[in-house]
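Biologist: I've got a new model open and I'd like to learn how to read it. Could you walk me through it?

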Amino acid sequence: SAFIAPSANLIGDVIIGDRSSVWYNCTLRGDVNKIEIGNETNIQDNTVIHVRSSELNEEPSPTKIGDQVTVGHGAILHACELHDSSFVGMGAILLDFSIVESQAMVAAGALITSGTVVKSGELWAGRPARKLRDLTLDERDFIYQSALSYADFAHRHLTYSHPTTPQTHLEEE
């Protein structure tokens, strides 16, 4: 089963795979097309995922995210594809018809423009993003470890989570 944080918003046609997680304050809006998320994939806090509709005289496009993918906090994904074992850093933006291939990484804050393909084994960074360099073996391993770690975090949240109350510590005068 998947972990969906209580403050996450899943709207419309959204499919989430086994051991995947959608964390706090995410919005996944599959109202005019489909969002598919594979197994052991994590969509971290404050991420927005949307799709492209034919109703706005556009070529329709779903958003497809494969297995063991990490999407960092505050990313924006719009009508794009993330293949298995890919990684999107915090605050990155991926626009329509962009593709991140397996074992590829998008750096934090990067802007992947419409139709761009981030090839397997590459690290892309910047606004607009460009290939920075090839990934190291340690970075490729990190992609896999990140996905597995978040699958474990999600399992713990499903198993042991309970409502929390904010705690305030006031110093006595």
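Biologist: Let me start with pairing: how many bridges join strand β2 to strand β4, and do they run parallel or antiparallel?

Modeller: Keep in mind that this is a predicted model. As a general idea, strands of a sheet pair through backbone hydrogen bonds, either parallel or antiparallel. Here β2 (residues 9-16) and β4 (residues 27-37) run parallel, joined by seven bridges. If you want a spot to click on, Asn9 has Thr27 in β4 as its bridge partner.

Biologist: Which strand does β4 join through two bridges?

Modeller: That's β6, and the two run parallel. Look for Leu28, whose bridge partner in β6 is Ile49. β4 also pairs with strand β7 (residues 63-65), in the parallel sense and over three bridges. There, Lys64 of β7 stands opposite Glu36.

Biologist: I spotted a histidine in β6. Is His50 buried or exposed?

Modeller: You read that from relative accessibility, with under 20% as the cut-off for buried. His50 comes out at 14%, so His50 counts as buried. His50 belongs to strand β6, which covers residues 48-50.

Biologist: What does His50 touch, leaving out residues up to four places away in sequence?

Modeller: The contacts are Arg29, Asp31, Val32, Thr63, Leu77, His78 and Ala79. Take Asp31: 19 residues separate it from His50 in sequence, while the C-alpha to C-alpha distance is 8.3 Å.

Biologist: Now the open sheet. What is the order of its eight strands?

Modeller: Reading across, the order is β1-β3-β5-β8-β11-β14-β17-β18, and the pairing is mixed. β1 (3-4) and β18 (129-134) are at the edges with a single partner strand each, so one side of each has no neighbour in the sheet. For one parallel pair in there, try β14 (residues 105-106) with β17 (residues 122-126), which share two bridges. Val106 has Trp124 in β17 as its bridge partner.

Biologist: And zooming out, how many helices and strands does the chain have?

Modeller: One helix and 18 strands. For overall shape, compare the radius of gyration with what a compact globule would have: for 173 residues that is near 16 Å, and this chain's 17 Å agrees. The C-alpha trace spans about 55 × 40 × 35 Å along its principal axes, and 43% of the residues count as buried.

Biologist: What about charge: how many positive and negative side chains are there?

Modeller: There are 12 positive and 23 negative ones, and the centres of the two sets are 8 Å apart.

Conventions: Residues are numbered from 1 along each chain as its sequence is written. This is a predicted model: local features need pLDDT of at least 70, side-chain atom pairs count only at pLDDT 80 or more; totals for chains, interfaces and linings use all residues. Side-chain values use heavy atoms; hydrogens and water are left out. Helices (H or I, at least four residues) and strands (E, at least two) are DSSP runs, numbered from the N terminus. The radius of gyration is taken over C-alpha atoms; the globule rule is 2.2 Å times the number of residues to the power 0.38. Buried means under 20% relative accessible area, exposed over 50%, partly exposed in between (1.4 Å probe, protein chains only). Lys and Arg count as positive and Asp and Glu as negative; His and the chain ends are not counted. The place of a charge is taken as NZ of Lys, CZ of Arg, CG of Asp or CD of Glu. Two strands pair if DSSP finds at least two bridges between them. Contact means heavy atoms within 4.5 Å.
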